[in-house]
Amino acid sequence: MPWDTAAWTQITDEIILAPMTSIATMDSKISARTTGRIKPRSISNCFTTYIDNGGAVTQERFVNKIIPMMQSLLKNAPRVFKQVHVLKQLVNTNVALTRTQCATLIVCMWFEIFRYDYVGENASIKLMPYVTFAHIFENNNMFAFACLINYFDRVCDELNTDKFNNREVIFKRKCVQSNIISSLDTPLPEISLGDGFVDDSPSHVHCISASASLGGVDLLAGSPTVEHVVLLTRPECLVGTLLCARLLPGETLTVFGAEKMAIHRGIGSSVIFVSNYADKVKIGRAGSAKCAQIAVVFMDASTHADGRSQLVDNFDRDLTKAYCGMVSVPLDTISCANWTHGFNGANMQLRFIQQLLAAGYAGKNMIYHPATQDFDSCVEQFILWLQDSDLSCNDLYRMYKDVVDVDSSRLSEFNIFDALR
């Protein structure tokens, strides 16, 4: 951590001890730390756009209340952190953090501390990820900016309250063997269709399309994906971008207890921040006695978009990945949606079947949120057929393997639902 390096004294002088009496002062402090990556006035311009578009947090409140709160979190960082380990590959492990610790790490991201440009070339700490919000400022990403301002505003109000201090966020890396599904045979899950965005589901487990490196290599560099929306509307999930090493096949990351703090509308280039959100979810047994009863499962799908890669070559890899995510949570019902890498146009029928089988193998019920109205009708008819068919998971799995054993040239336009029925 930065406070464990020789550079911490310099950081405290620049960010913690020096007064920041304006947005421009903060802007210059942050841009000076990025060796030219963030141009001067980028953050000031974001604030101007934010205020002009009716942002709820005034510059006066941010300067006089929120910045001092952020400086206080950094000042106390060496005291509130004893030891935090990285979630390494091929190891089932978890990290439990207080919400104060999460807020401290997100403040570090805001001030560009995790770029580690101050560390020598051969230092082992160079292995730490470069978690940065530079793309938000440089691209004038107002959805991301508004979500973060809303988060810091919430932390400023709640930091010393029991609601804030008595909850934890748990980051859990789950690994499974690639051949585990072949040894299982269970009934298909109970399935229902949900409305709207998957994160609005009544289920307390939300399965999210993710990147193998949480947030992507260039966090928030382009149009926000489902993954980015969840990271920003549940900002405590952002800490996972620092702690979780790249996911391998058969690995997922589940975050327990990250509070939803914002309502959004749209996706991609049309996404907008709507308002603050007061999460009423209860403290329960999802992760620990201090953890809220909510879990967000981040699981990456294979990135190849051609027919054979999706339907044949990577089918078992992605099925195992989905099973890994779903079996990582103790709750009985999970919510899912179209599962794809970014906006690469994955076959929605394929992704539905993979998640359906994974839910059955994991012993979960499934709430599915169709991506479009057209697919809503299509998947509803397929669900009715499944309910009349009395198939097990292995029955459907073998049927699928049989129907995709066709000429590869036909796979790009292959209708899986029709073939199975």
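Buried means under 20% relative accessible area, exposed means over 50%, and partly exposed lies in between, with a 1.4 Å probe and protein chains only. Helices (H or I, at least four residues) and strands (E, at least two) are DSSP runs, numbered from the N terminus.

The model is predicted: local features need pLDDT of at least 70, side-chain atom pairs count only at pLDDT 80 or more, and totals for chains, interfaces and linings use all residues. Residues are numbered from 1 along each chain as its sequence is written, and side-chain values use heavy atoms, with hydrogens and water left out.

**Exercise 1. Helix H10**

Task: Determine how many residues of H10 are buried, and what they pack against.

Solution:
- Step 1. H10 spans residues 226-233, and 7 of its 8 residues are buried.
- Step 2. Name them: Glu227, His228, Val229, Val230, Leu231, Leu232 and Thr233.
- Step 3. Look for contacts (heavy atoms within 4.5 Å). The buried residues of H10 pack against helix H8 (142-158) and against three strands: E4 (205-210), E6 (262-265) and E10 (295-300).

**Exercise 2. Strand E6 and Ile263**

Task: Find how E6 and E7 run, then place Ile263.

Solution:
- Step 1. Strands pair if DSSP finds at least two bridges between them. E6 and E7 (residues 272-276) run antiparallel and are joined by 4 bridges.
- Step 2. Check the connection. The two strands form a hairpin with 6 residues between them. Gly266 sits in the turn and has a positive phi of about 85°.
- Step 3. Locate Ile263. The residue is in strand E6, and Ser275 in E7 stands opposite.
- Step 4. Assess exposure. Ile263 has a relative accessible area of 31%, so the residue is partly exposed.
- Step 5. Look for a patch. Patches are made of residues with over 30% relative accessible area and no salt bridge; like charges are joined within 9 Å, and nonpolar side chains (Val, Leu, Ile, Met, Phe, Trp, Tyr) within 5 Å. Areas come from the Shrake-Rupley method with a 1.4 Å probe, and for residues only the protein chains shown count as cover. Ile263, Ile272 and Val274 make a nonpolar surface patch of about 200 Å².

**Exercise 3. Salt bridges**

Task: Count the salt bridges in the whole structure, then examine Arg154 with Glu259, Arg234 with Asp199, and Asp318 with Arg317.

Solution:
- Step 1. Apply the rule: a side-chain nitrogen of Lys or Arg within 4 Å of a carboxyl oxygen of Asp or Glu. The whole structure has 20 salt bridges.
- Step 2. Take Arg154 and Glu259, which meet at 2.8 Å, N to O. Arg154 lies in helix H8 and Glu259 in the loop between strand E5 (251-256) and E6, so the pair ties together parts 105 residues apart in sequence.
- Step 3. Check cover. Arg154 counts as buried at 7% relative accessibility, and Glu259 counts as buried at 0%.
- Step 4. Extend the pair. Arg99, Arg154, Glu158, Arg167, Glu236 and Glu259 are linked in a network of salt bridges.
- Step 5. Take Arg234 and Asp199, at 3.1 Å, N to O. Arg234 is in the loop between H10 and helix H11 (240-243), Asp199 in the loop between strand E3 (191-193) and E4, 35 residues apart. Both are buried.
- Step 6. Take Asp318 and Arg317, at 2.7 Å, N to O. Asp318 counts as buried at 0% relative accessibility, whereas Arg317 is partly exposed at 22%.

**Exercise 4. Aromatic pairs**

Task: Count the aromatic pairs, then classify Phe47 with Phe62 and Phe352 with Tyr368.

Solution:
- Step 1. Rings of Phe, Tyr and Trp (its six-membered ring) pair if their centres lie within 6.5 Å; planes under 30 degrees apart count as stacked, over 60 as edge-to-face, and the rest as tilted. The count comes to 20 aromatic pairs.
- Step 2. The rings of Phe47 and Phe62 have centres 4.9 Å apart and planes at 65°, so the pair is edge-to-face. Phe47 lies in helix H3 and Phe62 in helix H4 (residues 59-75), so the pair ties together parts 15 residues apart in sequence. Both are buried.
- Step 3. Phe352 and Tyr368 are also edge-to-face: 4.9 Å centre to centre, with 85° between the planes. Phe352 lies in helix H14 (residues 348-362) and Tyr368 in strand E12 (residues 365-369), so the pair ties together parts 16 residues apart in sequence. Both Phe352 and Tyr368 are buried.
- Step 4. Find the cluster. Phe47, Tyr50, Phe62, Trp110, Phe137, Phe145, Tyr151 and Phe152 form one aromatic cluster.
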